[in-house]
Amino acid sequence: MKIGVTEGRIPEIEADAVVVGVDDKGNLTKEALEIDQALGGKIAALVQTKEITGKLNELTVLLAPSGIRAGQVVVVGLGDRENFGCGQAYRVSASAARRLAEKKRKRVAFCLGDGWSEGCVEAGISGALVGCRGQDLYRSEKNCHPFDEILWNDDYQAVLAAGQILGETVNLTRQLVNEPASRIYPESFAAEAEKFAEEFGLEIEVWDQQRLEAERCGALLGVARGSARPPRLVILSHRGGAADAPTLALAGKGVTFDSGGLSLKPSEGMQAMKCDMAGAATVFGAMQAIARLELPINVIGLAGLVENMINGDAYKLGDVLTARNGKTIEVLNTDAEGRLVLADVLDVAVERGAAKIIDLATLTGACLVALGMDVAGVMTNDQDWCDAVLDAAETCGEPAWQLPMFPEYGELIRSKVADIKNIGQGRWGGAITAAKFLEEFVAGKPWVHIDIAGPAFLEEAKSWTDAGGTGAFVRTLVQIARNWQSTSE
Ligand code: BES
Ligand code: MN
Ligand code: ZN
């Protein structure tokens, strides 16, 4: 999709549609006023009669209006100005884009941004790209029709490129998540990473089965054993900083399908389990964005790619696995596989000299029980690092909430047979016992775990995005990378 700037006065813009905003006090933005004048006060009249309230993400479509060149005007509600941030900017323009993408349109002009910060404009542009893409990858009749071209006010030219990069990388993550497990399995997933690494100048290492064995990745390999598809571990590096500058590590769970293994999931619980590689897809999206933005820092992105299946060689309940760091793990539920995969990935991150680590994983249903579908659970061994992550998430408008890591939870994963076991005692606090498990593999390095089991994948569409993969936390990871120099001092 092309991204350009508008030329001349807004009523003169040649486009299929023009998008403008009204806040919830009924105030028209500067751009909306310009259109309104050309329309002879039509928008103001609709505000007057409360037909348009300006409530956040409200959409009002004015078809074939006379007085302007564009084929239609979409008035989007901006909500409360006081509470308007990047998350709102992203959703507002995504909502408008999503509505417009219901039909084929060549060119859509977004005349938003009046009084927005650069960050908001960037989020708005990326939202526009995200809103017009859907999960209809294999429908012959598409529900969403991406535009040929998006225009933004020329005042914001400086941030167009960054907005485009963020939109495209969020969409990359979404697409990877939306692809079925028959298309995205460890080998093909790693091949996708190789493709874009080459294109955007990232270094890449892919460990195959043999290398994983040589590296003694016993926990990851244990999970992979039940599948006909061999596992992979991907390490992407972006070296934008000085050779001796600290390295940020991003690690992702990449279970390309989670059947549960012998602790088999019921059919219902398995339907969406192609999404269980969202952590890895999020890391890939963020790494591509970091490379394309040429951020002057050192970052490594790691992904553990396996399929959790059942064949005659599948790992069993009661098996003891030896993780790469030497710790022994009693497997009491083969459906608690994500933590086993991440155990070895985190150890590699430590070995590669990570100064600080973030992992992302669709790790537990318990996190959904605790926080609902829209909020990520955040757990840490280092409050300062966690605050930096929460701060970036808030800046981007991606909901996240910290859960406690009291030592008592760690007692719940002690095993009588091995060093630890892969499930807690009983089901309570499952998001936290999973995090306590991961903590065993970070060697005391500052680490934040983000459980995205809720926000990574939507069962139902929202006004601003189709159902399916969301690309949640790609923007937050990029924000963290942008803050990295000051965080790591
Ligand atoms: N991939 C699932 C978690 C999940 C559930 C993600 C729903 C997205 C939506 C994970 O591997 C899993 O199965 N976790 C178990 C852990 C339990 C066996 C301790 C769970 O949450 O039930
Ligand atoms: Mn599972
Ligand atoms: Zn899983």
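These legends go with close-up views of a predicted model.

**View 1. A buried glutamate, E31, that has no salt bridge.** We're looking into helix α1, residues 30-38, where E31 sits. E31 is buried, and the nearest side chain of opposite charge, K30, is 4.7 Å away. That doesn't make a salt bridge, because the nitrogen has to be within 4 Å of a carboxyl oxygen. What does the side chain of E31 have 3.4 Å from one of its polar atoms? The backbone nitrogen of D114. Setting aside residues up to four places away in sequence, E31 touches I10, V20, C111, L112, G113, D114, N153 and Y156.

**View 2. R107 and E149, paired across two strands.** Their side chains meet in a salt bridge, with N to O at 3.2 Å. R107 belongs to strand β5 (residues 107-110) and E149 to strand β6 (residues 149-152), so this is a link between distant parts of the chain, 42 residues apart. The two ends differ in cover: R107 comes out as partly exposed at 30% relative accessibility, while E149 is buried at 16%. As a bit of context, side chains of opposite charge can pair when their charged atoms come close. A search of the whole structure turns up 27 salt bridges.

**View 3. D319 and R225, a salt bridge between two loops.** Here the N to O distance is 3.8 Å. D319 is in the loop between β10 (298-308) and β11 (320-322), and R225 is in the loop between α8 (218-224) and β8 (232-239), so the pair ties together parts 94 residues apart in sequence. R225 is partly exposed, with a relative accessible area of 33%.

**View 4. K327 and E440, another loop-to-loop pair.** The side chains meet in a salt bridge at 2.8 Å, N to O. You'll find K327 in the loop between β11 and β12 (328-330), and E440 in the loop between α15 (430-439) and β17 (447-451); they are 113 residues apart. K327 is partly exposed at 27% relative accessible area, whereas E440 is buried at 19%.

**View 5. A network of salt bridges.** Which residues does the network link? E205, R211, E215, R324, D347, E351 and R352.

**View 6. G471 and F473 in one loop.** G471 is in the loop between β19 (468-469) and α16 (474-487), and F473 is found there too. Both are tucked away: G471 counts as buried at 7% relative accessibility, and F473 is buried at 2%. Ignoring neighbours within four places in sequence, G471 is in contact with V170, T173 and R174. The C-alpha atom of G471 is 34 Å from that of P11, 460 residues away along the chain. F473 also has a phi near 80°, a positive value in a residue that isn't glycine. For background, most residues other than glycine have a negative phi.

**View 7. E294, another non-glycine residue with a positive phi.** Its phi is about 50°. E294 lies in the loop between α10 (278-292) and β10. Is E294 buried or exposed? E294 is exposed, with a relative accessible area of 65%.

**View 8. A nonpolar patch on the surface.** L262, L264, I310 and L317 make up this patch, which covers about 360 Å². One of them, L264, is placed in the loop between β9 (247-258) and α9 (267-270).

Terms used: Residues are numbered from 1 along each chain as its sequence is written. Chains are lettered from A and ligands numbered from 1 in the order in which they are written. This is a predicted model: local features need pLDDT of at least 70, side-chain atom pairs count only at pLDDT 80 or more; totals for chains, interfaces and linings use all residues. Side-chain values use heavy atoms; hydrogens and water are left out. Patches are made of residues with over 30% relative accessible area and no salt bridge: like charges are joined within 9 Å, nonpolar side chains (Val, Leu, Ile, Met, Phe, Trp, Tyr) within 5 Å. Accessible areas come from the Shrake-Rupley method with a 1.4 Å probe; for residues, only the protein chains shown count as cover. Helices (H or I, at least four residues) and strands (E, at least two) are DSSP runs, numbered from the N terminus. Buried means under 20% relative accessible area, exposed over 50%, partly exposed in between (1.4 Å probe, protein chains only). Lys and Arg count as positive and Asp and Glu as negative; His and the chain ends are not counted. A polar contact is a pair of N or O atoms within 3.5 Å; within protein, one must be able to donate a hydrogen and the other to accept it, and residues adjacent in sequence count only if both atoms are side-chain atoms. Contact means heavy atoms within 4.5 Å.
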